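Reader: Thanks for sitting down with me. Could we go through the terms you use for this model one by one?

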Amino acid sequence: MRRKLAAGNWKMNGLVDDLREIKALTDAHPDPDVDLLICAPATLIAQMAWARGTHALQIGGQTCHADRSGAHTGDISAPMLRDAGASHVIVGHSERRADHGETDADVAAQAAAAHGAGLVAVICIGETLDQREAGDALSVVTSQLTGSLPASATAANTVIAYEPVWAIGTGKVPTTDQIGEVHGTLRAVLRDLMKQASSVRVLYGGSVKASNAGEIFAVPDVDGALVGGASLTAADFSPIITALENA
Ligand code: PGA
């Protein structure tokens with residue numbers, strides 16, 4: 001059995017005042033039936049860890065450098081995230097791949113660094129609209145997953161997030177058939193790549209909202225969601241968590 005995971009990605013949003021949303025979220029879900037994770041901007045991780053108190057909410061970073069330390073001005077290492085209170089880190093988000101030129105090999109190195117620091121790596125993959133329209137979605141995600149998964153990956157330290165680039169922040173969502181087809185393919189690829197493949201959680205991400213969460217969570221092999229915009233407030237994220245609990 002894979003425990004479901006509702007993960008928020010705050011991206012470059014959030015000031016100290018916004019930690020009130022964490023209080024509201026943990027108050028609304030004191031004992032959730034699913035795992036809860038917020039991937040916060042690095043500046044908020046330590047304070048978020050304090051704000052959650054004894055709640056089971058998990059906290060993650062949004063990227064990490066492949067090295068443990070060194071002369072990399074502005075970068076953040078996996079041990080630093082762990083030290084600040086994170087248990088997870090997103091790697092290979094399409095915004096990192098696009099804005100910072102990160103390749104599958106970079107992502108695999110970052111995920112390995114996360115594992116080395118005792119963090120769970122949330123490895124993101126997903127096709128662009130051009131790739132989908134060309135009929136290449138399945139081959140693109142297969143190649144991204146194969147290239148981005150380090151040898152250190154286990155079911156305990158790795159989560160995969162399928163996030164079609166064209167669905168992120170656009171309000172466009174693939175059909176449930178399209179989501180099911182990709183998730184089924186990813187599960188089969190995982191079986192070829194690692195032991196315990198059937199225990200790895202595979203999330204869907206891209207314009208998940210309260211209004212579409214229920215039907216997305218009903219798709220076989222969808223183990224939860226990585227939610228951007230709708231994770232920023234407790235009012236928006238809470239019904240998505242409830243939909244996952246009821247799935
Ligand atoms: P979105 O972002 O929910 O705002 O589309 C998802 C993501 O990029 O992780």
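Reader: Which pocket is the space taken by the ligand?

Author: The ligand takes the space of the second largest pocket. A pocket is an open set of points on a 1 Å grid over the protein atoms alone, with protein on both sides within 12 Å along at least five of seven lines. Before we go on: this is a predicted model, where local features need pLDDT of at least 70 and side-chain atom pairs pLDDT 80 or more, while totals for chains, interfaces and linings use all residues. Residues are numbered from 1 along each chain as its sequence is written, and side-chain values use heavy atoms, leaving out hydrogens and water.

Reader: What makes the pair of lysine 11 and the ligand a polar contact?

Author: A polar contact is a pair of N or O atoms within 3.5 Å. A polar side-chain atom of lysine 11 is 2.7 Å from a ligand oxygen, so the pair qualifies.

Reader: Why is arginine 96 called partly exposed, and glutamate 102 buried?

Author: Buried means under 20% relative accessible area, exposed over 50%, and partly exposed in between (1.4 Å probe, protein chains only). Arginine 96 has 22%, so it is partly exposed; glutamate 102 has 10%, so glutamate 102 is buried.

Reader: How do you know that arginine 96 and glutamate 102 form a salt bridge?

Author: A salt bridge needs a side-chain nitrogen of Lys or Arg within 4 Å of a carboxyl oxygen of Asp or Glu. Here the N to O distance is 3.2 Å, so the definition is met.

Note on methods
Polar contact = N/O pair within 3.5 Å; in protein donor to acceptor, adjacent residues only side chain to side chain. 1 Å grid on protein atoms, 1.4 Å probe; cavity = no way out; pocket = protein on both sides within 12 Å on 5 of 7 lines; lining within 4 Å. Sits in = over half its atoms within 2 Å of the grid points.
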